[in-house]
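User: Please pick one part of this structure and take me through it closely. I want to know what it looks like on each side and what lies around it. Short sentences will do.

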Amino acid sequence: NGVKILGTSVEAIDTCENRFKFSQLCDALRIDQPEWSEFTTVEEAFHFCKRAGFPALVRPSYVLSGAAMRVVNSNEELDRF
(Lines give C-alpha, C1' and ligand atoms only; values in the text may rest on other atoms or scores of the structure.)
Protein backbone atom coordinates (compact mmCIF):
# COMPACT_ATOMS: atom_id res chain seq x y z
CA ASN A 1 0.00 0.00 0.00
CA GLY A 2 3.03 2.25 0.18
CA VAL A 3 2.12 3.87 3.51
CA LYS A 4 5.18 5.02 5.44
CA ILE A 5 5.07 4.53 9.19
CA LEU A 6 7.05 7.08 11.17
CA GLY A 7 9.08 6.13 14.20
CA THR A 8 11.90 3.88 15.26
CA SER A 9 12.71 1.05 12.89
CA VAL A 10 12.17 -2.56 13.90
CA GLU A 11 15.91 -3.12 13.45
CA ALA A 12 16.79 -0.29 15.85
CA ILE A 13 14.37 -1.58 18.48
CA ASP A 14 15.82 -5.08 18.12
CA THR A 15 19.37 -3.74 18.50
CA CYS A 16 18.41 -2.04 21.77
CA GLU A 17 16.43 -4.96 23.17
CA ASN A 18 18.76 -7.80 22.12
CA ARG A 19 21.61 -7.81 24.65
CA PHE A 20 24.11 -9.36 22.23
CA LYS A 21 23.38 -6.81 19.50
CA PHE A 22 23.43 -3.95 21.99
CA SER A 23 26.75 -5.12 23.39
CA GLN A 24 28.21 -5.27 19.87
CA LEU A 25 27.00 -1.72 19.25
CA CYS A 26 28.60 -0.51 22.48
CA ASP A 27 31.84 -2.27 21.55
CA ALA A 28 31.81 -0.68 18.08
CA LEU A 29 31.28 2.75 19.69
CA ARG A 30 33.95 2.00 22.33
CA ILE A 31 31.48 2.42 25.17
CA ASP A 32 32.44 0.55 28.34
CA GLN A 33 29.83 -1.82 29.70
CA PRO A 34 29.63 -3.93 32.82
CA GLU A 35 30.13 -7.67 32.73
CA TRP A 36 26.94 -9.37 31.62
CA SER A 37 25.62 -12.76 30.67
CA GLU A 38 22.48 -14.41 29.41
CA PHE A 39 20.89 -17.26 31.35
CA THR A 40 18.16 -19.80 30.85
CA THR A 41 18.21 -21.14 34.40
CA VAL A 42 18.28 -19.62 37.86
CA GLU A 43 21.32 -21.75 38.67
CA GLU A 44 23.28 -19.98 35.90
CA ALA A 45 22.26 -16.63 37.38
CA PHE A 46 23.47 -17.70 40.82
CA HIS A 47 26.84 -18.78 39.36
CA PHE A 48 27.20 -15.45 37.55
CA CYS A 49 26.40 -13.43 40.68
CA LYS A 50 28.85 -15.50 42.71
CA ARG A 51 31.57 -14.66 40.16
CA ALA A 52 30.62 -11.04 39.39
CA GLY A 53 29.18 -10.07 42.77
CA PHE A 54 26.19 -8.03 43.87
CA PRO A 55 24.40 -5.77 43.14
CA ALA A 56 23.27 -7.25 39.84
CA LEU A 57 20.70 -5.98 37.37
CA VAL A 58 18.33 -8.78 36.37
CA ARG A 59 16.39 -8.28 33.17
CA PRO A 60 13.85 -10.60 31.61
CA SER A 61 14.46 -11.02 27.91
CA TYR A 62 12.94 -8.60 25.46
CA VAL A 63 11.04 -6.22 27.69
CA LEU A 64 10.56 -2.81 26.18
CA SER A 65 11.66 0.16 28.28
CA GLY A 66 13.23 -2.05 30.93
CA ALA A 67 9.91 -2.99 32.49
CA ALA A 68 10.35 -5.75 35.08
CA MET A 69 14.10 -5.17 35.51
CA ARG A 70 15.28 -5.38 39.09
CA VAL A 71 18.47 -4.74 40.99
CA VAL A 72 19.15 -7.67 43.29
CA ASN A 73 21.54 -7.46 46.21
CA SER A 74 21.63 -11.05 47.43
CA ASN A 75 20.96 -14.66 46.51
CA GLU A 76 17.64 -14.39 48.33
CA GLU A 77 16.50 -11.45 46.20
CA LEU A 78 17.65 -13.23 43.05
CA ASP A 79 15.71 -16.33 44.05
CA ARG A 80 12.54 -14.23 44.60
CA PHE A 81 12.93 -12.53 41.21
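Analyst: Start with the outer face of helix α3. Turned away from the buried side of α3 are four exposed residues: E43, H47, K50 and R51. Exposed means over 50% relative accessible area, buried under 20%, and partly exposed in between (1.4 Å probe, protein chains only). Helices (H or I, at least four residues) and strands (E, at least two) are DSSP runs, numbered from the N terminus.

This is a predicted model, where local features need pLDDT of at least 70, side-chain atom pairs count only at pLDDT 80 or more, and totals for chains, interfaces and linings use all residues. Residues are numbered from 1 along each chain as its sequence is written, and side-chain values use heavy atoms, leaving out hydrogens and water.

Now the inner face. Helix α3 spans residues 42-52, and its buried residues are A45, F48 and C49. These three sit on the same side of α3 because they cover an arc of only 95° around the axis. That arc is taken from the directions that run from the helix axis to the C-beta atoms. Which elements cover the buried residues of α3? The cover includes strand β1 (56-58) and helix α4 (75-80). Contact here means heavy atoms within 4.5 Å.

Next, the way out of α3. Just after the helix comes G53, with a positive phi of about 90°. G53 belongs to the loop between α3 and β1. Its relative accessibility is 24%, so G53 counts as partly exposed. The C-alpha atom of G53 is 8.9 Å from that of S74, although 21 residues separate them along the chain. The loop between α3 and β1 also holds P55. The peptide bond from F54 to P55 is cis, and its omega is near 0°.

The way in has its own backbone feature. The loop between α2 and α3 contains R30. R30 is not a glycine, yet R30 has a positive phi of about 60°. Is R30 buried or exposed? With 79% relative accessibility, R30 counts as exposed.

Follow the chain past β1. The loop between β1 and β2 (70-72) is the place of R59. R59 is partly exposed, at 30% relative accessibility. Setting aside residues up to four places away in sequence, R59 touches C16, E17 and M69. Its C-alpha atom lies 14 Å from that of P34, and the two residues are 25 apart in sequence.

One of those contacts of R59, C16, leads to the cysteines. How many disulfides does the structure hold? The number is zero. A disulfide would need a pair of cysteine sulfur atoms within 2.5 Å. For the sulfur of C16, the closest cysteine sulfur is in C26, and a bond is ruled out because 9.1 Å is too far. The case of C26 mirrors this: its closest cysteine sulfur is in C16, at 9.1 Å, again too far for a bond. The settings of the two can be set side by side. C16 counts as partly exposed, at 47% relative accessibility, whereas C26 counts as buried, at 7%.

To sum up α3: A45, F48 and C49 are its buried residues, while E43, H47, K50 and R51 are exposed on the face turned away. G53 follows just after, with its positive phi.
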